[in-house]
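Biologist: I'm new to this structure, so please pick one spot where helices pack together and look at it closely. After that, work outwards at your own pace.

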Amino acid sequence: MSIRTGRIKISVSSVFDDLETIRKSSPLVHNITNYVVMNTTANALLAIGASPVMAHAEPEVAEMTGIASALVINIGTLSDPCIKSMLAAGRKAEEKNIPVVLDPVGAGATEYRTETAHRIINTVHPSIIRGNASEIMAMAEHSIKTKGVDSTSASDEAIDAAKILNEKTGSVICISGKYDYIVCNKGNDSIKITNGDAMMPNVTGMGCTASALCGAFAAVNPQYEKAAAHAMAVMGIAGEIAGKKAKGPGSFQMNFIDTLYQLNEKDIIQYFSG
Amino acid sequence: MSIRTGRIKISVSSVFDDLETIRKSSPLVHNITNYVVMNTTANALLAIGASPVMAHAEPEVAEMTGIASALVINIGTLSDPCIKSMLAAGRKAEEKNIPVVLDPVGAGATEYRTETAHRIINTVHPSIIRGNASEIMAMAEHSIKTKGVDSTSASDEAIDAAKILNEKTGSVICISGKYDYIVCNKGNDSIKITNGDAMMPNVTGMGCTASALCGAFAAVNPQYEKAAAHAMAVMGIAGEIAGKKAKGPGSFQMNFIDTLYQLNEKDIIQYFSG
Amino acid sequence: MSIRTGRIKISVSSVFDDLETIRKSSPLVHNITNYVVMNTTANALLAIGASPVMAHAEPEVAEMTGIASALVINIGTLSDPCIKSMLAAGRKAEEKNIPVVLDPVGAGATEYRTETAHRIINTVHPSIIRGNASEIMAMAEHSIKTKGVDSTSASDEAIDAAKILNEKTGSVICISGKYDYIVCNKGNDSIKITNGDAMMPNVTGMGCTASALCGAFAAVNPQYEKAAAHAMAVMGIAGEIAGKKAKGPGSFQMNFIDTLYQLNEKDIIQYFSG
């Protein structure tokens, strides 16, 4: 399947402009997320200048989404009460027309996760779906199955899956990995981000952090494919800078948060390779 | 509304004496707290020498409170089962006459939080309520509403709210912010703490950590207004020392925990400005 | 009661061989664990090269255990729904014949914890039970009670309790503390590990991390007493190296994760004192 790259462009200044807007406006990002990453994603959102709030009780989620500028739904540690809350918050977000980011953590690993992710997509119509290659492939599985042997590599197959999922759902699809791909426009266009660091997969929750940052960028930029690309560029650039200072995943995590906080235009000019 | 400052005094030696008592007696502090900060508040309590325990299941909370020296209730990520546990643990704490600290995280943001905080106050009668200005104002809202335009600044308004809330509940009220205020004695007295660092709001859970430390200090000092003031002084001093070493919120958090652990009388003499 | 030490040996090369196997095979370790340590134990598992997954919803736990190489059950922040999930996952692990590690956090502190730990032992038959001295003594309590005044020290008493618990349950028993003891073979044999650092008790979740690492080592070594001993040796060695670089519990935690990631044969040769 063909897909165009390069028609939709992001740049140093578009990345930095959105980052500055986040810092100035401190958008409230409502996260219904997993217990593993609540602390680290809240800190990452604070570090880029956003205002995180974590709330997952059904009696309050709609009201909380009602005062937020974006909603991030992450299925990393699901439970039945939590699913109800995700759907209630998602409906409120649709009603208010604020962006919703879905992170289908572990989709494909269990039926419960795959089905819940599909249910959220069908009910809430996320603005952005961000996952790794296997999660995005799991979400597009039925269609991929019919493709037979067209795929020549896992990476191509993931992009094809993203194309199918974008066509079917209308959500911007973001696959993160060594390179990140953002697929949009009925599967016709993609943006490729080549920033990143080899240490990132060794720290838990970096994908979840990417989804949270997509929420913050989508809160200030209604072109969701660019918002996602800006978020992934900031993740990748901060990862590269932190990677240079890190001696392992512990110091990487600390330096990553520091770098998000300090990130300036000069850093983006030096590192951006999107 | 008038309030006296300076009549109740804390000092370098009163701060350090309580800290040393915590280090020697390792009081067990039972926390029913939010998922975002469980790890960081447990580490802060360990770092000052207290023994943290996190337990929130209704079948065990009363028994756990029964062996604790203080109870900290934090509504940051509420749920209905959790509220039941907070009330059950709180009743046990009252029965045992051990201090209870309430952190009404996000009161005012949703009805669910505001109502739950009121319900805990009415049922459990906390020794100390610690929040930021907007949370304390939300808790005293009805009264504030009737004040009309008396307030000339957010900060004055928050102190007035603390005064009203202290009069109404009998709980010591602690407002944290750039300066911290502890209000007591039927709204007649206050203690002001001016320590602190500009990086603190950039780290998630610093307010929750302050509440947890209030629990540890209240466990060793039955003059709860002084216990709260000592906790806030230790927070602020450790914040200033960590701030000098930090390059961002990541390294701040690490240095803050290290500083709590190392904090000695010389540091308190050098930094205390309460 | 007598117990042999020294008959079962571990060595620098047996520790390093297992570590290398974990790094090469990245075993999936399913954790149903407490909220305080989810982030730090996931990072520790990633740092030694394992693949952590945290999942606790009853509808998915059996399926998740079905694709895992080890299951770690930690009762640190229990709730009724969570107990159901632990039992369901545990039954699947038994059926699949993969190792189960039980960490009875806080057993003895409340009836709820002690009873739940017994219920898991009776239903799931863990391969390894790892706890501190008081937890292991609580689990063997009835028998200990009948021993009267035989014990001359807390440490001896804990080893006796481990002997009784190993005889009764068949589970390898690991007591962690200043020295770690692994008891096996119907209470006849033990392995003693003397590595470790005085800073470790000042960081929350180091015991939980030890249990998670037992899961990773058991996933690659069916001699569970050796797997547990290798895990405790790696914990202790990494602790000693991190301790030399740490200025407090905050920097200890960061250096500990870095050290697990970097740990090489030379380090093990230099530090191993098992």
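Modeller: Let's settle one word before we look. When we compare the directions of two helices, an angle under 35 degrees counts as roughly parallel, one over 145 as roughly antiparallel, one from 65 to 115 as roughly perpendicular, and whatever is left is called oblique. Also keep in mind that this is a predicted model.

Now find helix α9 (residues 206-220) of chain A and helix α10 (residues 224-245) of chain A, which pack at an angle of about 130° with their axes 8 Å apart. By the ranges above, α9(A) and α10(A) are therefore oblique to each other. The crossing of α9(A) past α10(A) is right-handed. If you want to click on the residues involved, α9(A) brings A210(A), L213(A), C214(A), F217(A) and A218(A). Facing them from α10(A) are Y224(A), A227(A), A228(A), H230(A), A231(A), M232(A), V234(A) and M235(A). Sort that contact by class and you get twelve nonpolar residues, one polar and no charged ones.

Next, turn to the sheet of chain A. Nine strands make up an open sheet here, and reading across you meet β1-β9-β8-β7-β6-β5-β4-β2-β3 (chain A), with mixed pairing. At the edges sit β1 (4-5) and β3 of chain A, each of which pairs on one side only. For a look further in, try strand β5 (residues 100-103) and strand β6 (residues 128-132) of chain A, which pair in the parallel sense over two bridges. One place to zoom in is L102(A), whose bridge partner in β6(A) is I129(A). And here α9(A) comes back into the picture: the helix packs on this sheet, touching β2 (28-32), β4 (70-74), β5, β6 and β7 (172-176) of chain A. The direction of α9(A) makes about 160° with that of β4(A). So our helix touches α10(A) and also packs on the sheet.

Let's hop to chain C for another helix pair. There the axes of helix α10 (residues 224-245) of chain C and α11(C) come within 8 Å and cross at roughly 130°. That angle makes α10(C) oblique to α11(C), and the crossing is right-handed. On the α10(C) side, the contact is made by A238(C), G239(C), I241(C), A242(C), G243(C) and K245(C). The α11(C) side supplies S251(C), F252(C), N255(C), F256(C), T259(C) and L260(C). By class, this contact of α10(C) with α11(C) has six nonpolar, five polar and one charged residues.

Chain C has its sheet too. It is open, has nine strands in the order β1-β9-β8-β7-β6-β5-β4-β2-β3 (chain C), and its pairing is mixed. The edge places go to β1 (4-5) and β3 (51-54) of chain C, and each has a single partner strand, so one side of each has no neighbour in the sheet. For an antiparallel pair, go to strand β8 (residues 180-184) and strand β9 (residues 189-193) of chain C, joined over five bridges. Within that pair, Y181(C) stands opposite K192(C) in β9(C).

Now zoom out to see how the chains meet. Where chain A touches chain B, 26 residues of chain A are in contact with 23 residues of chain B. On the chain A side, the elements giving two or more residues are α2 (38-48), β3 (51-54), α3 (58-66) and α11 (249-262) of chain A. The largest share, eight residues, comes from α11(A). That side of chain A divides into 17 nonpolar, six polar and three charged residues.

The contact between chains C and B takes 22 residues from chain C and 24 residues from chain B. Here α2 (38-47), α5 (111-124) and α11 (249-262) of chain C each give two or more residues. Again the largest share comes from α11, this time four residues of α11(C). That side of chain C has nine nonpolar, ten polar and three charged residues.

Finally, the symmetry. A turn of 120° and a shift of 0.0 Å along the axis lays chain A on chain B with an RMSD of 0.0 Å. The two copies are thus related as by a three-fold rotation axis. Within chain A, the residue that comes closest to that axis is Y35(A), at 3.7 Å (C-alpha). Even so, only 12% of the interface residues of chain A are also interface residues in chain B, so the copies meet through different surfaces.

Key. Residues numbered from 1 in each chain as written. Chains lettered and ligands numbered in written order. Predicted model: local features only at pLDDT ≥ 70, side-chain atom pairs only at ≥ 80, totals over all residues. Contact = placed C-beta atoms within 7 Å. Nonpolar A, V, L, I, M, F, W, Y, C, P; charged D, E, K, R; others polar. Pairing = 2+ DSSP bridges. Least-squares fit on C-alpha atoms with pLDDT ≥ 70 in both. Axes fitted to C-alpha atoms, helices over the stretch in contact; angles between N-to-C directions. Left-handed = near helix turned anticlockwise from the far one by under 90°.
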